[in-house]
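Colleague: Please take a close look at one part of this model, the helices and the residues packed around them. Then follow on to the individual residues that deserve a comment.

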Amino acid sequence: MNDYGPAPPVIFYDQSSGSGSGSIGGGAGNEKFDEMHLPRKPVGFSAYPLADRMPDSPMEYPTTRPQRTRWRGVSEQTVLIALTLIAAFTKLYRIGRRDNVSWDEAHFGKFGAYYLNRTFYMDVHPPLAKMLVGLSELMAGHNGTFNFKGGHTYPVYVNYVFMRIFNACFGIALTPMAFLTFRQLRIPVHFAAMAALFVTFDNAICVMSRFILLDAPLLAFTALSLTMLACFHRQRANPFSPLWWRYLLLTGVALGLVLSSKWVGLFAVALVGFYTLVELYEMFCNVHMPVRTYARHWVARIVALIVIPLFIYALTFKMHFTILNRYHNSANFMPVGFQVRLRGNPLARQPYDIQTGSYVRLQSNDPGAGYLHSHDHKYPTGSQRQQITGYGYADQNNFWSISRRMAAGTFKTPDDVSTIAAPIAGPIQDGDLVSMLHNITNTYLYADFKFTAPMSGKYAEVSAVSVDNDESRNPNMMWVVEIVNAEKRMKDGRIHPLGTPIRLRNLVNGCMLMSTGERLDKDWGWGQSEMACEVTSKPGRKHLWTIERHVNKNLKATNMGQHMSSSFLRDFAVLNKHMWLTNNALIPDHDKHNVLESDPVSWPFMIYPMRMVGWDNKSIKYLEIGNPLLWWGSAAVCLLFPIQLLYWLVRWQRGSMAHWRAGEFREYIDGAMMLWGGWALHYLPFFLMGRVTYLHHYLPALFFGILLLVYQIYHVSIWYLKERGVRRVLYTSVATIAFVFWWFSPLTYGWDKPIKQLKGMQWTSSWPVYEDRFEL
């Protein structure tokens, strides 16, 4: 007996039939492997030579679950509890020392407060992690009035220490999940403990878990996804058993949680997706598996790994919409049916029927185009008349007086229209001929095909002409109103605010007022949206306009909410699209480069740690710096792993591995690919992103990298060393990593003295410990 525990019975594989004989032990009764669900094991398909290999190594026995073991007489549960207590100490020690709003607490603390005062807000991340921040504030007794301004001292009524402890619990959970993951990968207790301690003793993970941020929940749900996947992996020989279903469904739940916290959770989804595709492909190649059984595998995974995560993701947005029922101007991009249901929304009460003389504010249905706008500035080219633009903010120059000139059906051509006739009183209806008078500059909306739009160059120019100009008597200033897909409760043939999208078709040439998607020159058009007029038989969203605001002192305001319908799926889709657009608009600021921002290429070797707060002599200073040995070591094994894999595949192909034991390579490679794939999928996609990136974006990849580092240390040790050497590697590695963690702990737990008094922290010249050569 040694620390690996009792050896279970060996399973022998009949290479001619692909079937297995024997049994699997583990204290839960004997179960036979089903030949339908096990791929054939090539003879001698191993990874490394077995010099002085201990005969009861668990790597030889592909059982359905890891064996229960004891470590020097201590039970596995006791080890797990001890590891969790160590993690709790590292995350909670002096957690409330800095009583100022620090780093991104200014953002996420404020978002959490919005859930308490129920005010709508817009952010680029899904809501789950921020709702958890809100929950921590609720449990701490916060009333939602503190605005979390960066650097401000927390008032006495804000229990920021409890909020940080709540958040740190997610960082603490990484340690037991790392341990459980390794046990499911058939790693013995002491090396599983080593993996847990390595995760615990990374300074960057520790410091980012000690503030009110989203990184700790994201990491915890990422780790949970990996743990559940490893548990499911161990049940692959028992398909459709209760444990198999449990871990498959829990994997889907974990994916839903991580995806609902940040979109980088998609990388965890991709990891499970690739694993699933490989698994299904192997089943497809198994000629012994009935088609019906194979179909059941597909259905089970579709339900558990697609339907359940999407359901949880949508559910978090449903909760988000339900809680946030108060208006904020950040909701202006949402569908109007959603907006009018927010308490305090100025759009919720306005006159219902739009009539001659009403002042209206038209918003383009083309995302980002803004409101129909004009100002007293001329085009530098073309007609050189007054500009018509799209402006994204509320402004008096967005208001137009609409007048009914002729009723629908009473005109066909411009010759039927008198531009000097008095407007017709009454509501404006579908097909009516109207004019649009700009309220501030007293000019008419005008289309002219003799000139093209200044930026796109392929549509008719739209401009504004003064009422005193002879051109204002041309029929070019006349527009036909066309209602498109009015709200069900507004289908009375009249135009109303919010619920009757319209097209404006010019009377003379039949072109439709549109947003081109281009931006005007910043020197003369201030970067506002270009507007034009297009003749087309296939109008789209860029030709649609919604009367967002209606002002008429002669008409009584009504509750628009009773006329508007709202669809959760539509609101859900619009918000996610806006999150995507806003996220892509977060482009790098090269003035801040390497002060706050950093490139992905610099992350694995931690070239640019990040100062999280001010760096003056009297402030408490925190540096987002990781444990250098863990970062550099994990980077090395992750970058070298593809070369190592290629080497052993070539040796296997050449038949030079026959003297090693069957089945080992597959058992090893399943775990290694799971961990390396997690690192690669959480790291490499950042090279394709144009958005701003920070060092903490690497932390999910780092978690996988640290686990792969321990995984490789374990396997290399047992392949090449005797038991005593394995123990020396274990104890020396843990002690060294713990010492380096302690060495950099002043920057993790806060240093309140002049930084020059802290010696030995500058291991590379690029680290901004004492000086930052990129500082603004």
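Modeller: Phe317 is a residue of helix α10, which covers residues 291–323. The model is a predicted one, and in it Phe317 counts as buried because its relative accessibility is 1%. Leaving out residues up to four places away in sequence, Phe317 touches Pro126, Pro127, Phe568, Phe572, Leu575, Asn576 and Met579. One of these contacts, Asn576, is 259 residues from Phe317 in sequence, while the C-alpha atoms of the two are 9.7 Å apart in space.

Val258 belongs to helix α8, residues 242–259. With a relative accessibility of 0%, Val258 counts as buried, because the limit for that class is under 20%. Beyond its neighbours within four places in sequence, Val258 is in contact with Leu218, Phe221, Thr222, Ser225, Gly265 and Ala268. Val258 also has a pairing with Ala129 that can be given as a distance: 129 residues separate them in sequence, and 8.9 Å separates their C-alpha atoms.

Next come the helix pairs. Helix α3, residues 128–139, packs against helix α4, residues 160–184, at an angle of about 140 degrees, and the two axes are 8 Å apart. That angle makes α3 oblique to α4, because roughly antiparallel would require over 145 degrees. The crossing of these two helices, α3 and α4, is right-handed. On the α3 side the contact is made by Leu132, Leu135, Ser136, Glu137 and Met139, and on the α4 side by Phe162, Met163, Phe166 and Phe170. Sorted by class, the contact of α3 with α4 consists of 7 nonpolar residues, 1 polar residue and 1 charged residue.

Helix α4 also packs against helix α7, residues 215–234; their axes come within 8 Å and cross at roughly 20 degrees. The pair α4 and α7 is therefore roughly parallel, the cut-off being under 35 degrees. The crossing of α4 and α7 is left-handed. From α4, the residues in the contact are Asn167, Phe170, Gly171, Leu174, Met177, Leu180, Thr181 and Gln184. They meet a set of α7 residues made up of Ala216, Pro217, Leu219, Ala220, Phe221, Ala223, Leu224, Leu226, Thr227, Ala230, Cys231 and Arg234. By class, this contact of α4 with α7 has 14 nonpolar, 5 polar and 1 charged residues.

Two residues recur in these lists. Phe170 of α4 takes part in the contact with α3 and is also listed in the contact with α7. Phe221 of α7 is listed in the contact with α4, and Phe221 is also among the residues that Val258 of α8 touches.

Away from the helix pairs, Thr443 sits in strand β11, residues 443–452. Thr443 counts as buried because its relative accessibility is 3%. Its side chain makes a polar contact with the side chain of Gln386, at 3.4 Å. Residues up to four places away in sequence aside, Thr443 touches Gln386, Trp400, Met436, Leu437, His438, Ala464, Val465 and Ser466.

Asn345 is in a loop, the one between α11 (336–339) and β5 (349–351). Asn345 counts as buried, because its relative accessibility is 5%. The side chain of Asn345 reaches the backbone nitrogen of Leu347 at 2.9 Å. Apart from residues up to four places away in sequence, Asn345 touches Tyr327, Gln339 and Val340.

Two further loop residues are worth a note for their backbone. Most residues other than glycine have a negative phi. Leu498 has a positive phi, near 75 degrees, and is found in the loop between β13 (479–483) and β14 (502–506). Leu498 is buried, because its relative accessible area is 3%. Trp526 likewise has a positive phi, near 55 degrees. Its place is the loop between α12 (522–525) and β16 (529–534). At 46% relative accessibility Trp526 counts as partly exposed, because a residue must be over 50% to count as exposed.

How values were computed
Residues are numbered from 1 along each chain as its sequence is written. This is a predicted model: local features need pLDDT of at least 70, side-chain atom pairs count only at pLDDT 80 or more; totals for chains, interfaces and linings use all residues. Side-chain values use heavy atoms; hydrogens and water are left out. Axes are lines fitted to C-alpha atoms, for helices over the stretch in contact, and angles run from 0 to 180 degrees between N-to-C directions. Helices (H or I, at least four residues) and strands (E, at least two) are DSSP runs, numbered from the N terminus. Angles under 35 degrees count as roughly parallel, over 145 as roughly antiparallel, 65 to 115 as roughly perpendicular and the rest as oblique. A crossing is left-handed if the near helix is turned anticlockwise from the far one by less than a right angle, and right-handed if clockwise. Contact means heavy atoms within 4.5 Å. Ala, Val, Leu, Ile, Met, Phe, Trp, Tyr, Cys and Pro count as nonpolar, Asp, Glu, Lys and Arg as charged, and the others, Gly among them, as polar. Buried means under 20% relative accessible area, exposed over 50%, partly exposed in between (1.4 Å probe, protein chains only). A polar contact is a pair of N or O atoms within 3.5 Å; within protein, one must be able to donate a hydrogen and the other to accept it, and residues adjacent in sequence count only if both atoms are side-chain atoms.
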